[in-house]
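Biologist: Could you take me through this model, one residue at a time, and give the cut-offs as they come up?

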Amino acid sequence: MDRSQGRTGGIVSGGASAPATFTGNRALQIEEPLIFEMGQPGRCGVDLPVPPKVKDRLNGLRRTGEIGLPGLSEPQVVQHYTRLSQKNYAIDMGVYPLGSCTMKHNPRVNEKVARLAGIGDLHPLQPVSTVQGALELIDRLAHWLKTLTGMPAVAMSPAAGAHGEMCGMMAIAAALEAKGERAQRRTVLAPESAHGTNPATAAALGFTVKPIPANETGRIDLAALKAALGRDVAAIMLTNPNTCGLFESDIIEISAAVHAAGAYFYCDGANFNAIVGRVRPGDLGVDCMHINLHKTFSTPHGGGGPGAGPVVLSAALAPYAPYPWIVRKGDSWTVAEDGATVDGQPLGRLKAFHGQMGMFTRALAYIMSHGADGLKQASEDAVLSANYVMAALKDVMTPAFDGPCMHEALFDDGFLKDTGVSTLDFAKAMIDEGYHPMTMYFPLVVHGAMLIEPTESQAKEDLDQFIGALRSLAERAKSGTAAEDFKAAPRYAPRRRLDETLAARKPVLRWRPSNSFKQAAE
């Protein structure tokens, strides 16, 4: 595809056309080529010595052609990636309303602590005697996670949310196996609004997933749940607050019914940030729950970077926690590795080494700098922010459900009916207003869903401007005269809207040089 198809062109306020520039740049909005298009054969930013000749050990597989990497000088590389970074939208730039992901502020003190000498340069193969402080740090974080959740045990090694789900459900499977019920109990119940990883995890472990519908309030249908419980049910996988941003008001009765049927209660902890300091999942009857340290406790989220998903376990599941464990012996710390003599029946090892030390350090710094009162306030502020957004928009947009929400405000596309504007069009227009769109079309149980999570991080003035922008867009959409404007959005982004159907069906996943590029290279 010709890259010019996605360029912004010369659109300016009022619909008039601005003259095209020679460079393609629009003032400081730089038109940035692909790094392959910038490269020149033979150009290099480093000068390495010729390696000494050694005996060929590649058995005839030595490369004979070019690698095909771009050739650039060091300033070119720095400038390219700096310009790309300036096109990113991030929580450090403004309101980040993406729902169910908690893009919250990451206090810089966390980063400073994680980079301290002795923490940032640790190696997992160091002798245990040289990492006593690190082991104590992990144990201290584990203590606070157990305290905040009201659970007696925690597995620290899972890498992130889905890995934590796998850990928790493996512990449930191990407990069923120990009771001789694994073959009988093969069904896992999951709400229709569940995160997609919940049924995927259950299926990966050989369970059959049975969906449970929601009622008119957006919460799990208690009668349907009770009807589904039986001797074949292994567990329920439930998020609380749920994916609609609502607290499951029947949670105690749900827990009691699940346990009475001989099953276990897995709680998806993706939305734990809404209740930290206010509710302990252990008091609700939860048997296991993963905690996204990279969401609830602020450490950098997204981008495919390192995460951490510790899993807290009830007394019934604690014996099956995976290796390794931190063990204190007098004034020293050690690690119980595979095969160590410990109480219980550990389900094995889930991950190399103990977990993600950088995430542990940041999370503990966040917890200790906030204290119990600060963590509670962060949860309360997140819920307050979401309800403020809901209250300020409910007269021009359509809330998916009646009543207050928790940390997320969920709207459907009812207010866009007969306007010719879709949820996607509305979200694209938000980009021109300077905002990253909210989560769209999720959860699937809400038609044209728009899920907004303002978090506790934003000042009221920032939320007011965000609300004003959405009110303006909603009123324009409902005017009945702006459908074409919405479908043309975004106008001011570095790239215009693509043909998303074509991109999904025929994605271009690899850059191939054009004839002109080949001729220039030759």
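Biologist: Which side chain of opposite charge is nearest to Asp 268?

Modeller: This is a predicted model, in which local features need pLDDT of at least 70 and side-chain atom pairs count only at pLDDT 80 or more, while totals for chains, interfaces and linings use all residues. Residues are numbered from 1 along each chain as its sequence is written, and side-chain values use heavy atoms, with hydrogens and water left out. Asp 268 is buried (under 20% relative accessible area, 1.4 Å probe, protein chains only) and has no salt bridge (a side-chain nitrogen of Lys or Arg within 4 Å of a carboxyl oxygen of Asp or Glu). With Lys and Arg counted as positive, Asp and Glu as negative, and His and the chain ends not counted, the nearest side chain of opposite charge, 6.6 Å away, is that of Lys 295.

Biologist: With which side chain does the side chain of Asp 268 make a polar contact?

Modeller: A polar contact is a pair of N or O atoms within 3.5 Å; within protein, one must be able to donate a hydrogen and the other to accept it, and residues adjacent in sequence count only if both atoms are side-chain atoms. A polar atom of the Asp 268 side chain lies 2.8 Å from the backbone nitrogen of Ala 270. The side-chain partner, at 3.4 Å, is His 195.

Biologist: Is Leu 238 buried or exposed?

Modeller: Leu 238 belongs to strand E4 (residues 233-239), strands being DSSP runs of at least two residues, numbered from the N terminus. Because its relative accessibility is 0%, Leu 238 counts as buried.

Conventions
Buried < 20%, exposed > 50% of the residue type's maximum accessible area, 1.4 Å probe, protein only. Helix = DSSP H or I, 4+ residues; strand = E, 2+ residues; numbered from the N terminus.
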